[in-house]
Amino acid sequence: MSMTGVAADAGIGGSLGDFVGRHVGPSEGDVAAMLSVVGAGSLDSFIDEVVPASIRMEGELDLPVARSERVLLRDLRAIAEKNKVFRSCIGMGYVGTVTPGVIGRNVFENPQWYTQYTPYQPETAQGRLEALLNFQTMVCDLTGLPLANSSMLDEGTSAAEAMAMCVAILRGKRKTFYVADDCQPQTIGVVRTRGKSMGIDVVVGHPQDFDMENPDVAGILISYPTSDGRVECWEKLTDWAHKNGSMVVAAVDLLAMTLLTPPGEWGETGADIVVGSAQRFGVPMGFGGPHAGFMATREEFVRKMPGRLVGMSVDSHGQPALRLAVQTREQHIKRDRATSNICTAQVLLAVMASMYGVYHGPDGLKAIAKKIHKMTEALRVGLVGLGHEIEGGLDGLVFDTLRVKVNGDSAVVMNAARERRINLRDFGDGSVGITLDETSDEGLVTDLVAIFGGGSVSFGDLWEGASDEITGGLARTSSFMSHEVFNSHRSETEMLRYISELQSRELSLAHSMMPLGSCTMKLNATTEMVPVSWREFAHMHPFAPADQCKGYFELFDQLESWLAEITGFEAVSLMPNAGSQGEYAGLLAIRGYHESRGDVQRNVCLIPTSAHGTNPASAVIAGMKVVAVKVDETGAIVFDDLVAQAEKYKDTLAAAMITYPSTCGVFDDNICEMIEVVHERGGLVYLDGANMNAQVGLCRPGDYGADVCHLNLHKTFCIPHGGGGPGMGPIGVNSKLKPFLPGHSVRDPSTGGNAGAVSSAPEGSPSILPISWVYIALMGKRGLTRASQVAVLNANYMAERLKDDYDILFRGSKGRVAHEFVMDCRGFKKSAGIEIDDIAKRLIDFGFHAPTMSWPVAGTLMVEPTESESKAELDRFCDAMITIRQEIRDIEEGVMPREDNPLKGAPHSMAAVGADEWDHPYSRDVAAYPAEHLRRFKFWSPVGRVDNPYGDRNLVCSCVSVDEVAE
């Protein structure tokens, strides 16, 4: 498209473009008013006071100018059409599926679901928590184990986490882990990477060759069914492993578990951990993701299990309520003692998968599985009849996949398949893999038989000749998914109402601003979201032939180059599918660099004590030793301590992890000096990009000396948080580290890289990358800079408005904050008996999600408004905080009792406000309508304050009846 066309379509937005005015909340008049409040003459002069002159970039970003939404979607459609969507029979854990329309439209494409934040405030997230509890229950029932988390990043990461969990359970005394060579190859790759970084000896081989008397074996990973389709009986191997004191991890096909004996029922005690992907439960392939991985295990391992766990509890009125359980085991608490750096999950996709289970129920899922199995058997009858060899002939047990040793030239078969727009799996040894799925039909089966030389064939004859019996004593006999939620929503009317009921219990960006510090809850524009559902992006297999994926590759190339320009780096990897995985990949690149130079002793990572918990956790799983660096009362890194620690460990220093702007919301003036301290002593600098929203177009990490930086695309670049995932954490690196970016041996063995794979798919979660591509293209170089400027202005305006009621803890050298700020609430505990939690819950009564609580300093609130919120919304939040301060003042002055006041009673549910009895010293009106605008529209908390300790003392993490909870 010509630049003339772009400019002509720019419309009323002028040089910034139409969309910038849609994305950036404050109008020109609002900006002028806020600048007046903060005492600045112009936006440019104001930014000069915030961002140190020593790091300011010169000129503009070398990016295209803004495009309009209409033109942009036309351009992207042209790119998408370069993808060729064939019928996929490749398998390898990625299959076709049918997303029920009621789920696709009302969950996947619904901003009230995809703009939610992680459910740390459970009162605002009861709908999603119920959906996730359904997911956990479904996984538990299908795997035969009593405990499951609320999703993982993908199957490969789940398996790697399971390996680390085995080692941790055995207290690190065993450091060998066996992996069956018939697991999915991408899973093996991720496990190998994690094993190498954690000092675990990963041995890949045939299960029959495993030495189960080896006293150093922590566990084994087996696949059920195998990657090439066989369904093996693993009971003896499980028992042997347990007799050796080793643990058993099974990677399973969740749908196959409706027909097969689940791993929890194997042998005398069953498998210890079960992992996999719920992709085929209604979630499109999306070229590899995002999908909800899962993990199930025994109850006694709950404190070693990574990921988030939803559990039952009660609220302040004794009614059932849900919340995240056992959070003390998570990385933000355990930091460098954590065995996992998992900071997020795939909540939106887990919700979709759980809704798929609710939609179909156990009978529907079993019917789908039986149809796929019978169709696979019919195909086997046809192929064996043509003289092709399949392991086990007509008797070996399979579920949905056949490995066919071609009677002839396999290349001829592969080419014939492509002529019919069908993709098969080429094993490279003369055998071909075929996987069927929910979308397969008799036309596909007859086409496949014809491809293998069958000519005209009767599908009816094949079907009649096929057996659907599960042989070898592996047929499932236990019931599953018997809870009423999976057996009550057969009609679409009931399903729609159930989804809507849960949605009504959710607070999201569709309701109000979500001012969470370090989380960047900005607009996820509808135009950005639209392409995710396009067939050309949603239904591509990640290992389809490269000539069918030209559209995706073009988009990746452009996005990588744009992100490299924005950060000032040489190269970008899109593989990490979460910010935590970006940290991990970046540290692996640093480690690879040192090892390539013979500096294998360099393993020390300096991390400020104020850093996010994923930083030390990522360093540990990357095989590094964490050394803490002090921060002072202003939140700044103590420069002298950084020098002292770098000098002390100069011979073993590998890296320093620095967040910039700092975790306290300040641009440190001496960032270049801090980086130089590390470089002079042989270390490299990892810059945590969580706060990149204050830098785009203003300064670039690569320019001011960082060696690697991860980017949270689900923050700065508009991928929605999805209630706790999906996310993306690509990394940018300089020329030193470019050779050590993660690689993927399945997509291209020549790009394996020293770091190896860190996610199952080569681009992590590719189908959501168009969101960030669209955002950058719509904003253009000037719009992106404007967004950063306004994000910083919004934060400073709010800090100025609130400074008389709350102490603003940290400011830069010129009295400014960056894009977020920290409010001190610690004194209220002594003066009024008010905890930080009381303020957070009272904000719910105003219709707001609380800011980030007690981080980076306990007893504080960190506020980040982003650029997307209007001045009116900023004022509403500030007014709410000022009102709350007055309510605290009423307690301090004795007007309200310390034990019973609007803060202690919050949040006030409709049931509580409407109850016959009201014995509080404040009115129902004060409880329910603390601000006048709430009389027009109000989000009501569906429950009272959730009792977290009760839930952890009475751990219940799967669906139970109301009567059971009451008991």
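The questions and answers below cover a sheet, a loop residue and the cysteines of a predicted model.

User: In what order do the 7 strands of the open sheet stand?

Analyst: The sheet is open and its pairing is mixed. Strands S2 and S4 stand at the edges, each with a single partner strand, so one side of each is left without a neighbour in the sheet. The order is S2-S8-S7-S6-S5-S3-S4.

User: Which residue in S8 is the bridge partner of Leu147?

Analyst: S2 covers residues 147–148. S2 pairs with S8, residues 293–297, in the antiparallel sense over 2 bridges. In S8, the partner of Leu147 is Thr297.

User: At about what angle does helix H8 run to S8?

Analyst: Helix H8 spans residues 126–143. The helix lies across S2, S7 and S8. Its angle to S8 is about 60 degrees.

User: Is Thr226 buried or exposed?

Analyst: Thr226 is found in the loop between strand S5 and helix H11. Thr226 touches Asp182, Glu232 and Trp234, leaving aside residues up to four places away in sequence. Its relative accessible area is 4%. Buried means under 20%, so Thr226 is buried.

User: With which side chain does the side chain of Thr226 make a polar contact?

Analyst: The contact spans 2.6 Å. The cut-off for a polar contact is 3.5 Å. The partner is Asp228.

User: How far away is the nearest cysteine sulfur to Cys878?

Analyst: The structure holds 0 disulfides. Cys878 is in no disulfide, and counts as buried at 0% relative accessibility. A disulfide needs sulfur atoms within 2.5 Å. The nearest cysteine sulfur belongs to Cys825, at 13 Å.

Conventions
Residues are numbered from 1 along each chain as its sequence is written. This is a predicted model: local features need pLDDT of at least 70, side-chain atom pairs count only at pLDDT 80 or more; totals for chains, interfaces and linings use all residues. Side-chain values use heavy atoms; hydrogens and water are left out. Two strands pair if DSSP finds at least two bridges between them. Helices (H or I, at least four residues) and strands (E, at least two) are DSSP runs, numbered from the N terminus. Contact means heavy atoms within 4.5 Å. Axes are lines fitted to C-alpha atoms, for helices over the stretch in contact, and angles run from 0 to 180 degrees between N-to-C directions. Buried means under 20% relative accessible area, exposed over 50%, partly exposed in between (1.4 Å probe, protein chains only). A polar contact is a pair of N or O atoms within 3.5 Å; within protein, one must be able to donate a hydrogen and the other to accept it, and residues adjacent in sequence count only if both atoms are side-chain atoms.
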